[in-house]
Amino acid sequence: MRVLVTGGLGFVGVHTVEQLLRTRHVTEVTVLDSIRYTAAPQALPASQRIRFVQGTVLNAELVTTLVAGCEAVIHLAAETFVDASIADDGLFVDTNINGTAVLLRALRALGGRRLLHVSTDEVFGEATGRPFTESTPYRPRNPYAATKAAADHLVRAYTITHGLDAVICHCSNLFGRWQYPEKLIPVTVTRLLRGERARIYGTGQQSRTWLHVTDAAAGLIAGLERGVGGESYLISGDRELTTLDVVSRIAAQLGIPAAEAVSFVADRPGHDYRYAVDGDKTRCELGWVPAIDFETGLEETVIWTANHEGWWLR
Ligand SMILES: NC(=O)c1ccc[n+]([C@@H]2O[C@H](COP(=O)([O-])OP(=O)(O)OC[C@H]3O[C@@H](n4cnc5c(N)ncnc54)[C@H](O)[C@@H]3O)[C@@H](O)[C@H]2O)c1
């Protein structure tokens, strides 16, 4: 099987490509990536089975050519930083919505290919009661989440209207190597390593469900291989932690007293208080379970970040 991975130089992308290459029936992986600031080209494994194409998912001609040369697509390309979407959502609308539409049109025109569309738990908005399940109504509350939700709706509409074979996977908050230091864990580690305080929005009591990126990549591949067309799956760990808790653990690992590690700043507009995910359907139907517990993954990520200054001191 030949697989096209859009956004394959991004944080989730490089781990997904690495795992695809370990899958014997994957004969070739084509990575399409425009190399935005979050991309990590140096993390792409060296392999004769990888073909890298620099370009944008908004280029319909290029996307059609690449889709024609594969049997399956994993769609990761996106603008991903919530704060940036609050400052200016233009690129988010372009890449996340229009980019997905370009890909869907190519898949529809060519037919016979499976799409694994990668989404987020943020499309469900704020969890006020029970954890999200696949049937939780969409209630995105920030522009990033809204563009991801729009893309999901387009994908679902194509499965119903045009019979597209597509599976949607919603990942919870991910962490691990090669995550750009603007997201909570790498930005906290790098600020503390620089001798700065971590900046915490509001009271730091917002809570998220965390999952190691290599587990997420395995979940996405399970979705591609075993997911039922037209269905969606939540890919999540079961550790729900507050921002303050995560930051305190990082500070403790670096030997910094919590009181000296943080400064509290005004809360982000539209900040969701809680994301919580019930991943039962994925575990039962895809047979996927996370392998890395939060503490082990966090410890490894902090050590890796400290040893890879070249990635974040730039
Ligand atoms: N990281 C998380 O915690 C998380 C959680 C849930 C869902 N997701 C989803 O997973 C996907 C990947 O996220 P990530 O964390 O790897 O993001 P990332 O920002 O690290 O990577 C995105 C990649 O997409 C590329 N890209 C951006 N615009 C493009 C365009 N127009 N054409 C081609 N490539 C383009 C970038 O260069 C980058 O390599 C996204 O769809 C995101 O919504 C991520």
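This is a short tour of a predicted model, moving from its domains to its ligand and then to one leucine.

**Stop 1: the two domains.** Colour the protein chain by domain before anything else. Domain 1 takes in 2-175 + 213-235, while domain 2 is made of 184-207 + 239-277 + 292-312. Drop a C-alpha centre on each and you'll get 26 Å between domain 1 and domain 2.

Now select the interface. On one side you have 23 residues of domain 1, in contact with 18 residues of domain 2. Together the two domains bury about 1,700 Å² between them, with 56% of it on carbon and sulfur atoms.

**Stop 2: the ligand shell.** Next, select the ligand and everything around it. How many residues surround the ligand? There are 29, and the closest are Asp33, Arg36, Thr80, Tyr144 and Lys148. Colour that shell by class and you'll find 13 nonpolar, 13 polar and three charged residues.

**Stop 3: polar pairs at the ligand.** Zoom in and show the distances.

- Phenylalanine 11: pick its backbone, where an N or O atom lies 3.0 Å from an oxygen atom of the ligand.
- Threonine 56: here it's the side chain, with an N or O atom 3.0 Å from a nitrogen atom of the ligand.
- Tyrosine 144: a side-chain N or O atom sits 2.6 Å from an oxygen atom of the ligand.

Try a surface next: the ligand taken alone exposes 830 Å², and the protein buries 95% of that. Then switch to cartoon. The elements giving two or more residues to the shell are α1 (11-21), β5 (114-120), α5 (143-161) and β7 (173-175). Which of them gives the most? That's β5, with three residues.

**Stop 4: leucine 62.** To finish, select helix α2 (residues 60-68) and find leucine 62 in it. Beyond its neighbours within four places in sequence, leucine 62 is in contact with Leu32, Val53, Gly55 and Thr56. You've already met Thr56, whose side chain has that N or O atom 3.0 Å from a ligand nitrogen. As for leucine 32, it is 30 residues away from leucine 62 in sequence, and the C-alpha to C-alpha distance is 9.4 Å.

Notes:
Residues numbered from 1 in each chain as written. Predicted model: local features only at pLDDT ≥ 70, side-chain atom pairs only at ≥ 80, totals over all residues. Heavy atoms only, no water. Near = heavy atom within 4 Å. Polar contact = N/O pair within 3.5 Å; in protein donor to acceptor, adjacent residues only side chain to side chain. Areas by Shrake-Rupley, 256 points an atom, 1.4 Å probe, with all protein chains shown as cover. Helix = DSSP H or I, 4+ residues; strand = E, 2+ residues; numbered from the N terminus. Nonpolar A, V, L, I, M, F, W, Y, C, P; charged D, E, K, R; others polar. Domains from an automatic or database assignment. Contact = heavy atoms within 4.5 Å. Buried area = accessible area lost by both parts, 1.4 Å probe.
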